[in-house]
Amino acid sequence: MDSSDSQQFQNVVVMRHGDRLDNCEPLWLSTAARPWDPPLAAPGKVRAFCTGRRLRSQLGFPIHRVFVSPFLRCIQTVSEVISALCAVVDDPANMTGEGVAIDPSKLKVSIEFGLCEMMSREAIRLELAPKDGNWGFSVSELEAMLPAGTVDSTVEGVYQELPQYEEGVPGSRTRYEKVIKALADKYPSENLLLVTHGEGVGVSISAFMKETTVYEVDYCAFSLSRRPVVFGEDQSFTAGNFQGLTKHGQTGISYYPLNPITDHM
């Protein structure tokens, strides 16, 4: 949380995963056991770690809690980002989190099914979706991939399971907005990082910057939104509306019309 003139603010960063392998190596799909769930390509891990380093050096506030989509590319992305955010020594020679010593007390991370990919053929082609409807996401297996000591498995997610396939694009957008707001309300005293998919990042712009249309979200692009929060003596709180603080093109997100925004990044 930030404070200024006794006013407290909650910050929420929403980030897309890194470069996915099937876009770098199209032949991967022909032999993939889980064609709906590609991992990161090697450049994606570098991009994710470097973006984490950028967040650490440029945000101006700490990230307290992280939520991540269960898709493998997001799990791998958040592992790199956390390694950069929690590195004991920020060595510029490091380009990935491999071998980086971290302080796991700096933040906690949990899996949130509501941040998953759009469950529709626009994002996952029908022929790639599992025929038996079993997407095969094991929370315990995914948590084991995250940096040791950072996982908070006690958190109850906004979504307890994946949305149904063919939820449609409008349904996905409604879901992303609902989850962003619900997680912020659940942890109003903490700054959040949500690692999700391109459409989710787009919604984090359009939901809080009215009459804005997002037309491009790069790998590892991220948005920043902020809202005022006032706490009562009984641990109750009152929150204002989120204000989008993301400038066109500055963090990998392109949109129109171009709104005049104070330079925060």
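**Note on the cores and the α3/α4 packing**

1. In this predicted model, L55 is in contact with V13, M15, V81, L85, L193 and F222, leaving aside neighbours within four places in sequence.

2. L55 also belongs to the largest nonpolar core, which has 39 residues. Along with V13, I63, W135 and L193, L55 is one of the members that touch the most others in this core. At least two core residues each come from β2 (7–16), α3 (42–58), β3 (65–68), α4 (72–85), β4 (108–111), β5 (192–196) and β7 (222–231). Helix α4 provides the largest share, six residues.

3. There is a second core, separate from the one above, with 26 residues. V12, Y187, L194 and V201 are among them.

4. How do α3 and α4 lie relative to each other? Their axes come within 7 Å and cross at roughly 40°. Angles under 35 degrees would count as roughly parallel and those from 65 to 115 as roughly perpendicular, so the two helices are oblique to each other. The crossing is right-handed.

5. On the α3 side, the contact is made by K45, A48, F49, G52, R53, L55 and R56. On the α4 side, T77, E80, V81, S83, A84 and L85 meet them. By type, the residues of this contact are six nonpolar, three polar and four charged.

6. Helix α7 (residues 198–206) is mostly covered, with seven of its nine residues buried. The buried positions in α7 are G198, G200, V201, G202, V203, S204 and I205. V201 of α7 is also a member of the second core.

Key
Residues are numbered from 1 along each chain as its sequence is written. This is a predicted model: local features need pLDDT of at least 70, side-chain atom pairs count only at pLDDT 80 or more; totals for chains, interfaces and linings use all residues. Side-chain values use heavy atoms; hydrogens and water are left out. A nonpolar core is a set of buried Ala, Val, Leu, Ile, Met, Phe, Trp, Tyr and Cys residues joined through side-chain atoms within 4.5 Å. Buried means under 20% relative accessible area, exposed over 50%, partly exposed in between (1.4 Å probe, protein chains only). Helices (H or I, at least four residues) and strands (E, at least two) are DSSP runs, numbered from the N terminus. Contact means heavy atoms within 4.5 Å. Axes are lines fitted to C-alpha atoms, for helices over the stretch in contact, and angles run from 0 to 180 degrees between N-to-C directions. Angles under 35 degrees count as roughly parallel, over 145 as roughly antiparallel, 65 to 115 as roughly perpendicular and the rest as oblique. A crossing is left-handed if the near helix is turned anticlockwise from the far one by less than a right angle, and right-handed if clockwise. Ala, Val, Leu, Ile, Met, Phe, Trp, Tyr, Cys and Pro count as nonpolar, Asp, Glu, Lys and Arg as charged, and the others, Gly among them, as polar.
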